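The following report describes the fold and local environment of selected elements in the model shown below. It proceeds from individual residues to chains, sheets and domains.

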Amino acid sequence: MTLFFQLTLYLYLLATAVYVFHFLSQKKQVRAVARAILLTGGILHTVYFVVRYVAAGHTPLTSNHEAVSFFAWSMTWAFLSFWWKYRVKNFGVFVTPLISLLMLIAAFSSQEMAPLPPALKSYWLPVHASIAIMANGFMALAFCGGIMYLLQEREIKKKKFGIFYSRLPSLEALDNLNQHCLALGFLLLTLGIITGSVWAKQAWGTYWQWDPKETWSLITWLIYAAILHQRLTMGWRRRRAAIMAIVGFGAVLFTLWGVTYLLGGVHSYVG
Amino acid sequence: MLAESIVIIGVNHKTAPVAVREKLAFSGDCAGPLLTLMDIDGCRECCFLSTCNRVEVIFVASDPAVAAVAVRGFLFAKSGLGDAEAQQYSYLYQGKEAVAHLYNVAASLDSMVVGEPQILGQLKQAYRDAVEQKTTGVILNRLLHKSFSVAKRVRTETNIGGSAVSISYAAVQLAKKIFGSLQDKAVLLVGAGEMAELAAEHLVRQGIGRVIVANRTLERAAKLARKFNGTAVGLAELTTQLAEVDILVSSTGATDLILRKDEVKPLMRQRKNRPLFLIDIAVPRDLDPEINDLDNVYLYDIDDLKNVVDVNKAEREKEALRAEGIVAEEVVKFGLWLEGMELAPTITAIRQKANAIREVEVAKTLGIMKSLTENERRSVEMLANAIVNKLLHEPMIFLKNSTPHDNPQLKLAFIRQMFGLDKESPEQQPPRENV
């Protein structure tokens, strides 16, 4: 089982290296290789989750290792799905390092399989946890897009064309990417909170109990709601939208880790 | 040697000043020159290229030295210059040098603006004309086709045409980096001068949606607007229009700034932060340089654009060096083909191919039939030998015997194609470019 995880990790690292090489050389064949490696990694990663599900007897989304690994899985597949309809030039070189980083964090977390507390035994677990983490995946892509936007914008604004100007897509394309990812991510985030709340009613008898994770999810949700609202009505586009995608992702990360390790609560991981 | 029969004689911007080039004066029609050239004694194939920067004749002749004088005479017929002067203003390449020169021309390495893309189209047209007049044969057909693929290789493997080397094109490229597609975007031209017109032409060619012209005298604005199917407005409407458009090209003769930061700032709120690309090509400048400090506003003046162009030019020169490497490689390849296009090497190549097939097949068969005696094995080998030799007999006779009406190269090319002697690995299909 750990073999699948190790292999996935190495493939992601290799894909990252090849994407970097493609970014510098801009040879199309290299990109095809990078994508194939990432795709193989994504498939093995899926296999890893299936195997772990069978071994654990419950949805493997309850420890930090599992959650972060699934976060990386969501990013990989969200990114690969873009290839099908919505392509962004040289996106891979920004996305794969983050995927690799998440996988490294997962690799260094405890991989033990802890028994599931009775409160968590519910078919809501896979639904709620996977939706909530997939929302993170799209927010992470928006974060990468935001960084690309700022790099590209900087070169155009300062009139000094370095490594990014010719390689990154147009500002318009990056701004569209931002909107696309945030809209999908926000939808999933909303669903994640709703399913969580329904589950809470079943498990603890109340829809909302101001558990730190709940509170921070709500804060994150409000931040993204504000971003999208301002974007549609006040014209928070472009540069500001890019910055906000980065700030919002900070809130996502805090909800993921900060809450668990600093604040505790019922959402703290089992493992 | 066959290679030595390929000759290029021509005049270009490097060898002759425009005063000489314009006297050569070949206009549009190519059929006339092509037929005159074919009448030259010993000229077997020819192709005629005439652009504003060059006139050249690419030909294959049995006696190149004699034909060269005649071709030069034809080129300079209308100029009134003698052959000595004509030699001084023109260049002559023969054999591999001619091949290299043609590749350089096709790949735009010999152009005034290195990497400009038009020359390849012009060369392709010249070739089409020659094909129509049936003045090309085995050698030029292959040479010209190769030159097109070399040009394509240079274009895909180097970044020679990648960056803009003219001011207006640099501006268009920047606009595309900001807006992506220009289709639903609008440009406002302030001032109706020549520079504004040139920039607008580029933008229209890139598919810009709408053109608006603002000028002090409305009449001139209307005239320019008509040219681009646009609308004309007075200069007083500048800020109202600026709330709507995406690109502004300013080129007025005004001595003072016509647009300041405090005027643009409130506009950005109104525009809901849709980006604004301001191009100031006027000297003295029309637009306040501080406008560039505003968010989502990008202001480029003439010097900024010139810097972009200079950087790009230096980049192109670097890429040109890499391109020359590709050309050198391809010249060698063509040389190999030319060498094969003689009788002896072709016969050798056919025999080698047949023998290679025979050896493999015999080995395969003997590998299966292990129980054969030594004598029987020899019989199998002899059988294979006999089949190969008898099959090759007639084609060899066909190749070696020539009647006076035969075109030996056509025959060689035909046989080589039949036996698949010049097969290269199939060219890779380039993958789709992403957005």
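Phe108(A) counts as exposed because its relative accessibility is 73%, and the threshold for that class is over 50%. This model is predicted. Phe108(A) belongs to helix α4 of chain A, which covers residues 92–108. In sequence, Phe108(A) and Phe82(A) are 26 residues apart, and their C-alpha atoms are 29 Å apart in space.

Is Gln152(A) buried or exposed? Gln152(A) has a relative accessible area of 0% and is therefore buried. The residue is located in helix α5 of chain A, which comprises residues 124–158. When neighbours within four places in sequence are left aside, the contacts of Gln152(A) in chain A are Phe164(A), Tyr165(A), Leu168(A), Pro169(A), Leu171(A) and Leu174(A). Gln152(A) is also in contact with Lys177(B), a residue of chain B.

**Chain A as a whole**

The secondary structure of chain A consists of eight helices and zero strands. Along the sequence, the pattern is accordingly α-α-α-α-α-α-α-α. A compact globule of 271 residues would have a radius of gyration near 18 Å, so the 19 Å found for chain A agrees with that expectation. The C-alpha trace of chain A spans about 60 × 45 × 30 Å along its principal axes.

Of the 271 residues in chain A, 53% are buried. Among the contacts in chain A with a separation of 6 or more, 79% link residues 24 or more positions apart. The accessible surface of chain A amounts to about 11700 Å², and carbon and sulfur atoms contribute 71% of this area.

**Domains of chain B**

For chain B, the domain assignment gives domain 1 (3–157), domain 2 (167–309) and domain 3 (342–418). Taken over C-alpha atoms, the centres of domain 1 and domain 2 of chain B are separated by 43 Å.

**The antiparallel sheet of chain B**

In general, the strands of a sheet pair through backbone hydrogen bonds, either parallel or antiparallel. One open sheet of chain B contains four strands in the order β2-β3-β1-β4, with antiparallel pairing. Its edge strands are β2 (43–50) and β4 (91–94) of chain B, each of which pairs on one side only. From one strand to the next, the twist averages 15°.

Within this sheet, β2(B) pairs with β3(B), residues 54–61, in the antiparallel sense over seven bridges. Leu49(B) has Glu56(B) in β3(B) as its bridge partner. Helix α3 of chain B, residues 64–75, packs on the sheet and touches β1 (6–12), β2, β3 and β4 of chain B. The direction of helix α3(B) makes about 150° with that of β3(B).

**The parallel sheet of chain B**

A further open sheet of chain B is formed by six strands in the order β7-β6-β5-β8-β9-β10, and the pairing is parallel. The edge strands here are β7 (231–234) and β10 (297–301) of chain B, since each pairs on one side only. The twist averages 20° from one strand to the next.

Three strand pairs of this sheet are set out below, each with one residue pair.

| Strand pair | Sense and bridges | Residue pair |
|---|---|---|
| β6(B) (residues 210–215) and β7(B) | parallel, four bridges | Ala214(B) opposite Val233(B) |
| β5(B) (residues 186–190) and β8(B) | parallel, four bridges | Val190(B) opposite Ser250(B) |
| β8(B) and β9(B) | parallel, four bridges | Ile247(B) with bridge partner Phe277(B) |

What covers the two faces of β8(B) is not listed here, but both faces are covered. Ile247(B) and Val249(B) on one side are buried, as are Leu248(B) and Ser250(B) on the other. Two of these residues also take part in the pairing: Ser250(B) stands opposite Val190(B), and Ile247(B) has Phe277(B) in β9(B) as its bridge partner.

Which helix lies across β8, β9 and β10 of chain B? Helix α8 of chain B, residues 167–179, lies across β8 (247–250), β9 (276–280) and β10 of that chain. Helix α8(B) runs at about 170° to β9(B).

Note on methods
Residues numbered from 1 in each chain as written. Chains lettered and ligands numbered in written order. Predicted model: local features only at pLDDT ≥ 70, side-chain atom pairs only at ≥ 80, totals over all residues. Heavy atoms only, no water. Pairing = 2+ DSSP bridges. Axes fitted to C-alpha atoms, helices over the stretch in contact; angles between N-to-C directions. Contact = heavy atoms within 4.5 Å. Domains from an automatic or database assignment. Buried < 20%, exposed > 50% of the residue type's maximum accessible area, 1.4 Å probe, protein only. Rg over C-alpha atoms; globule rule 2.2 N^0.38 Å. Areas by Shrake-Rupley, 256 points an atom, 1.4 Å probe, with all protein chains shown as cover.
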